Each structure stands twice: as C-alpha cells, then as structure tokens.
Amino acid sequence: MESFMDKFRNGMKAFGANVREVLGKTRKTLTIKKALKVEHYVIFGVYAMVFLVAGYFLLINSNSNLLPESFSTYEISASDTLIGSNLRSLYLDDVDVMSGELDIGNGSARLIVSEKPFNFVFNPKRKVPENTTAEITLSFYSPSTEVYLNGELIIPDLDGFIKVVEFENEEVWVRSNLVIGEGEEYFDGGNAREFVYANFPGRNIYAFGDIDGGVPVVTDYEAIETRIDTRFRDNLKLAVYVEGDLEISFVKQDLNMYIGKDEYTVEVMNLRGDVYFREVYGDDGDKWDSEDEVGGQEFMINVENLERNIYYVVFTRDENNKASDSYVKNIKINSNKDLIIGKSLPMDAFDFYMEVTSPQEVGFKYWWTRRTQEIKISGNVSKIIDLDESWLNELYEQNLTRGEYNFEIDNGMVWVYAKVISPTKENWFYFPKEEDKRLINSEILLIDKAKLEISGDMIIYTGMINIEDGSKIKIQVLDKLETYFKEIKLVL
C-alpha cells in the first residue's frame, strides 16, 4: 500500500510537471508577442521616416531659407570628370569649348579653346522660388583676354596695364606708357577717382565694379573773381570749382521779340544732381525791343558753406516762348576755375581756351544772314576758319588732337559745340570725364576689389545674378587659347 509520503512526493512531481508545462506555454506566448511587438515598431519606424523625409522636402521647397548652406551651393571645378553631365544640378552644355583637365597654376584648369559663347546650365533638383538671386564666383587662370558674363564685360585684358596704386577697396591700373619715370612721385588721393583726377586728368577711364566717388583737388584754385563779359542767348551751363561760399552775379536782359514771358530758371547743383539753389527770374515787364547792349536786371546769387567740389550753374530759358527771348550777360563768379559745358551761343566777340587730352571735335554754326565770320585758332594748330555764306546754317567741325588751343570769335551770333571750354587758360581745370562704356580706348582701369580679386595670374570675379530653374549662364572669352577655366560657384 502506497504511503502518505509517496503520494505527496508523486503529487509534487505532477504539480511541477504541470507548472513547467504552463510556464513553457506562457514563455512561448510571450516570445511570440515580443517578436510581433518588435516587428510593429520596425514597420512604424519605416513609415515615420518616409513621412519625415517627404515633409522635409515639402518644407524646404516652400521655404528655401531653411536649407543648410551646403544645399544652396552649386559648383563645378576643372577637376570634375562629369563636367558636362546633365544629371548634375550645374553643368557645362558644350564640353568641346574646353580642353581636358590640365595641371597648371598650382591646381587643375581647362584651357578655353573656343571664342564662341558657352553656357553653364542651372538645373537644380529642387524648386527655386521666383526672383531668386545668386552670388556667382568665376575663377580663371592667366586671363590674357577679356571675359564676358551674360554679355557684360567682367574681366579686362590686363596686358599692357600696370597697377600703380592700391587703396583699401580699389586698385588703379594704367597703360604702361603713362607710368611716371623713376624718381617721380604721384599726387596723393583719398580714393581711386581722386588719384586718377590728380595724376591722369582727361584720360579715358573704365571702372570694374562699384568704385567710390572722389572729389577733384584743384591745386591752383583761388576764390577770386572771374568775369565773362560776353552776352549768351538760350541755355547756358557752367561748371565752377568751389571751396566754401559761391557768389554769382549776372544781368538778365529781355529782348521782347516774342509773345510770352521772358524767364530764366537758374539752378546750382552738384555733379550728382543735388540742387542747392533754384530761382525763376521773371519777365522785366517791358514790352519794347531792348536789343541794345545797355540795360537789364542785375541779380546776385549766394550759396554758402559748400563742400569742396565742382558745381553746375545752369541757366534754362523759358520753353514756352517760340525762341529764346533773353540774354544772360556780365557774369561774375568768385572762383578762378570756371568752365562752359556743352553747346553755347555767344552773341558778341568771344575768346575761349581748350586743353585736349584725346582726339575730339569743336563745332561752329551761324544762322543769321550777314553774320559771316572768321574764327582764329592758335596753339597746337594755327588756322583761320572762314565761315562764309556757304556755311549759313551748316555745322563746321574742326578735329583737335592732343594739345592746347585758343579760339577767337570776332563777331558772335554763332553756336559753339564743344564738350568743355573755358574763358581763359587760367580758368581751365580738368572736368571729370564720364567713364567709357567700352574698353577699347580706355587708358585707366579702376578695379573694385570686392568684384575682382587679382593675384598674379589668378583672377576671381564675384557678382550677383538672377537665377531660376533652367537658367543659362553665358560665358565668352574674346580670344581663345588665352584663358584657363578654374571654377564656377553659385550660392543661392
């Protein structure tokens, strides 16, 4: 018969077996559930990543400012093997315009072998907002010719030019034949324009970039009276060099030949067009012809505390009259540096002076019958211009080469066509020339260092361009086999 202890012992074994079976089943169930839970997490994570990436690209396409800097930079270097692949966001559309990769100038470069324009195509893999601008950087090695970007000259041919001075933000390059000799010194200047005006007055200038403006320094200026006795009809434009107060007196004489008010508007302004004085001088009220040389209304203009500079004094006739119906005469100015700018109409005998630094013309035309006249030229040319009856209402032009010239008009009533003249040699000063629109005849180059970095044979141009999907950035070199391409970079 089975004892109590045997039954207890057998019962405990059975209970243990049951517990092990239950635990095994539970462990198996938990393992399956755990595996299922991990799988769910993995699937959820994949979906989350997809949504996050899609959301990121949607966000950056609607707001490009959220892009990291590297996503806004596109570049091509001469060392790139797929330089012409349209799979790139920036690529060269015609690889035949450049040679293969060359090791030159302490790095890789490609010789430009064609003079025809070629394009870098901007084809980004994301949307670019409208009206986007990009900073463009173009690097070239040994550019011994002119380089154009989208039809604009950006890099000059520096052959034949020498850098003579460097300022903080500017450089001045001049043709080698203008460089002063050993032992001589240039006049100082606060910036590039002032330096050029002081040392190379009247020379042709081309500026690359935004060059700071300068104020000419006239070393022989004196605040003494200049008197221009001649009567002038129609419009008249003077340029006066002033330091401090400007005082002008003149007589306005109405002719009363035409119906309408006989008015003159007088303005004093700087070369930028900022007006310091403006006054309308009205009709004298007389309705009778006052052709005689006596009489008229005398006026005085006083503009105080002007900064050292050149100022225009502009006399503008009343445009409502059929023709000019007044004279301006007996002009007195408290400066010994006075010029007449552009076309003028002296009505009496008139002498004037010109100093020419590059070839130009001076013209004469009379329109009044019986006003034939002889105009004498002395200086670099000695000549008498005979304006006889055959020249009535015809423009006579005299070519002038570099040098000094004096002119004597005996009769007056003749139009004078010239860029700049002065009453006498003592009144002359060099009027700042407008910069050349083309580089062909330029003698002085003004370099903005923010636009052009010149280091030996390396030149790097930096500027701004408008950019959009599919933009073509057109490059052209004037002469092939003279320039090596190094790199182009766009930063949006």
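The following paragraphs lead through a predicted protein model, from its overall make-up to single residues.

Because the model is predicted, local features need pLDDT of at least 70 and side-chain atom pairs count only at pLDDT 80 or more, whereas totals for chains, interfaces and linings use all residues. Residues are numbered from 1 along each chain as its sequence is written, and side-chain values use heavy atoms, with hydrogens and water left out.

The protein contains 32 strands and 2 helices; these are DSSP runs, H or I of at least four residues for helices and E of at least two for strands, numbered from the N terminus. Of its 492 residues, 43% count as buried. Buried means under 20% relative accessible area, exposed means over 50%, and partly exposed lies in between, with a 1.4 Å probe and protein chains only. Among contacts (heavy atoms within 4.5 Å) between residues at least 6 apart in sequence, 77% join residues at least 24 apart.

The interior may be considered next. A nonpolar core is a set of buried Ala, Val, Leu, Ile, Met, Phe, Trp, Tyr and Cys residues joined through side-chain atoms within 4.5 Å. The largest such core has 45 residues, of which Leu246, Phe352 and Phe364 touch the most other members. Apart from it lies another core of 41 residues, including Ala78, Leu90, Tyr461 and Ile467.

Tyr461 and Ile467 also appear in strand β30, residues 458–467, where the side chains alternate. In a regular strand, side chains alternate between the two faces of the sheet. In β30, Ile459, Tyr461, Gly463, Ile465 and Ile467 point to one face and are buried, while Met458, Ile460, Thr462, Met464 and Asn466 point to the other and are not.

Strand β30 has antiparallel partners. Strands pair if DSSP finds at least two bridges between them. β6 is joined to β30 by 10 bridges, with Ile136 opposite Gly463. Strand β29, residues 452–455, pairs with β30 over 4 bridges, and Ser455 has Met458 as its bridge partner. This hairpin has 2 residues between the strands, and Gly456 takes a positive phi near 65°.

Most residues other than glycine have a negative phi. Ser142, in the loop between β6 (132–141) and β7 (147–149), nevertheless has a positive phi near 50°. Asn150, in the loop between β7 and β8 (152–155), likewise has a positive phi of about 50°. Because its relative accessibility is 41%, Asn150 counts as partly exposed.
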